[in-house]
Amino acid sequence: MGEVKDIEASPIPVLTPYSLGKFNLSHRVVLAPLTRQRSYNHVPQPHAILYYSQRTTKGGFLISEATGVSDTSLGFYPDTPGIWTEEQIEAWKPIVDAVHEKGGIFFCQLWHVGRVSTPDFQPNRQAPVSSTDKALKPHHRTTGNEIEVFTPPRRLETEEIPQIVNDFRVAARNAMRAGFDGIEIHGAHGYLLEQFMKDEVNDRTDKYGGSLENRCRFPLEVVEAISDEIGADKVGIRLSPFADYMEAGDSNPEALGLYMAESLNKYEILYIHMIEPRMRKDVQMPECPQSLYPMRKGFNGNFIIAGGYGREEGNKAISKNYADLVAYGRWFLANPDLPKRFELDAPLNNYNRETFYISDPVLGYTDYPFLKSAT
């Protein structure tokens, strides 16, 4: 685990410094990856420069919105960014530069949505790929009241999986070319990697299905490939073993989470970023007896938590050594100066859920107000 500094002496544990591997953080408030639909034609836009730089502090750690690894990786969410073309790489550069100019550390989250897609989002209107050929039930779109009807995905053949692994590897290399400090692999929330991990989705009979070891093989191959490409000290992974997003639940989430935590020790990656068990379909459960603590104990690296945290809960998690860093999503979106507000125990802006996924370059994106004292 990273070096812990002066937690006991600080009245605000989430604002104490922390050494995340070679990255010296000034506080433990992390910008969580937040899917947004403002990268038109899957190319990051100049308005993202302001969005990310607003949320950057010197020594702050930011994780980008989920970024597609290939033209087959996209789905349910229009206008999400990619990083498989030269145009996309070049478009990311000024965004990354803006974060670095303010002293921030910036990781790119890489994803493949798998079956959370339709032929409309795929090249040549082909079927999206997955661990299975089982389709999702119809879902409300992220904007408006439109219903998305999902078509059955195509089950990846055993010999095709190395190509997807390679897509992640190349995307990681591209992200480093764009200037990012590292990579977070999106292994959560019902997308492709979790479609392999979770036994409610994965019905395979090859070496990627059946046992827990087999179901986790593909995600761990992605971890290994990216670690070999850019260095394990620049790699993290986001996991949500307890979640059931996109009909991706598991019959034994505790065993899945612990197996992944312990297996990842072999690769000596920088961190695991885990979603709290209480988060179900983006709703916080009032009572939840399950805990991430066994995974925290089972993993030798740095441990980031996310899922409905506020200031006091984050402080408690750090002070009790439940986690090293706390990722904030909705509150960081609505409060670009969140660390300053935590320092002053100032009131928080409320977030507007209706503008989370719209395509406007300003509304609900860069127009949340700062504290007057912080501007």
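**View 1. Aspartate 120 pairs with arginine 125 in a salt bridge.** The closest N and O atoms of the two residues sit 2.3 Å apart. A salt bridge here is a side-chain nitrogen of Lys or Arg within 4 Å of a carboxyl oxygen of Asp or Glu, and the structure holds 17 of them. This is a predicted model, so local features need pLDDT of at least 70 and side-chain atom pairs count only at pLDDT 80 or more, while totals for chains, interfaces and linings use all residues. Residues are numbered from 1 along each chain as its sequence is written, and side-chain values use heavy atoms, with hydrogens and water left out. Aspartate 120 comes out as exposed, at 55% relative accessibility, and arginine 125 is exposed at 55% too. For the cut-offs, buried is under 20% relative accessible area, exposed is over 50%, and partly exposed is in between (1.4 Å probe, protein chains only).

**View 2. Aspartate 324 and arginine 296 meet in a salt bridge.** The N to O distance is 2.9 Å. This pair links distant parts of the chain, 28 residues apart: arginine 296 belongs to helix 8 (residues 293-298), and aspartate 324 to the loop between helix 9 (311-319) and strand 17 (325-328). Helices and strands are DSSP runs numbered from the N terminus, helices being H or I with at least four residues and strands E with at least two. Is aspartate 324 buried or exposed? Aspartate 324 is buried, with just 1% relative accessible area. Arginine 296 is buried as well, at 2%.

**View 3. Asp133, Arg155 and Asp203 are joined into one network by salt bridges that share partners.** Arginine 155 bridges to aspartate 203, with the closest N and O atoms 2.6 Å apart. Arginine 155 is in strand 10 (residues 154-155) and aspartate 203 in the loop between helix 4 (192-197) and helix 5 (212-215), so the pair ties together parts that are 48 residues apart in sequence. Both ends are partly exposed: arginine 155 at 27% relative accessibility, aspartate 203 at 32%. The side chain of arginine 155 also makes a polar contact with the side chain of aspartate 133, at 3.2 Å. (A polar contact is a pair of N or O atoms within 3.5 Å; within protein, one has to be able to donate a hydrogen and the other to accept it, and residues adjacent in sequence count only if both atoms are side-chain atoms.)

**View 4. A wider look around arginine 155 in strand 10.** Which residues does arginine 155 contact, leaving aside neighbours within four places in sequence? They are Ser130, Ser131, Thr132, Asp133, Glu160, Asp203 and Arg204, where contact means heavy atoms within 4.5 Å. On the backbone side, the C-alpha atoms of arginine 155 and asparagine 202 are separated by 9.9 Å, although the two residues are 47 apart along the chain.

**View 5. Helix 1 (residues 47-54) meets helix 2 (residues 86-101).** Their axes come within 8 Å and cross at roughly 25°. These axes are lines fitted to C-alpha atoms, for helices over the stretch in contact, with angles running from 0 to 180 degrees between N-to-C directions. The two helices are therefore roughly parallel to each other; that label covers angles under 35 degrees, with over 145 called roughly antiparallel, 65 to 115 roughly perpendicular and the rest oblique. Helix 1 brings Ala48, Ile49, Tyr52 and Ser53 to the contact, and helix 2 brings Trp92, Pro94, Ile95, Ala98 and Val99.

**View 6. Helix 1 and what surrounds it.** Six of the eight residues of helix 1 are buried, so this helix is largely enclosed by the rest of the structure. The buried ones are His47, Ala48, Tyr51, Tyr52, Ser53 and Gln54. They pack against strand 3 (29-31), strand 4 (61-63), helix 2, strand 6 (105-111) and helix 10 (330-334).

**View 7. Threonine 35, in the loop between strand 3 and helix 1.** At 16% relative accessibility, threonine 35 counts as buried. Not counting residues up to four places away in sequence, threonine 35 touches Glu65, Ala66, Tyr77, Thr80, Trp111, Phe356 and Tyr357.

**View 8. Threonine 355, in the segment after helix 11 (338-344).** Threonine 355 is buried, at 8% relative accessible area. A polar atom of its side chain lies 3.0 Å from the backbone oxygen of asparagine 352. Beyond four places in sequence, threonine 355 touches Arg38, Leu363, Gly364 and Tyr368.
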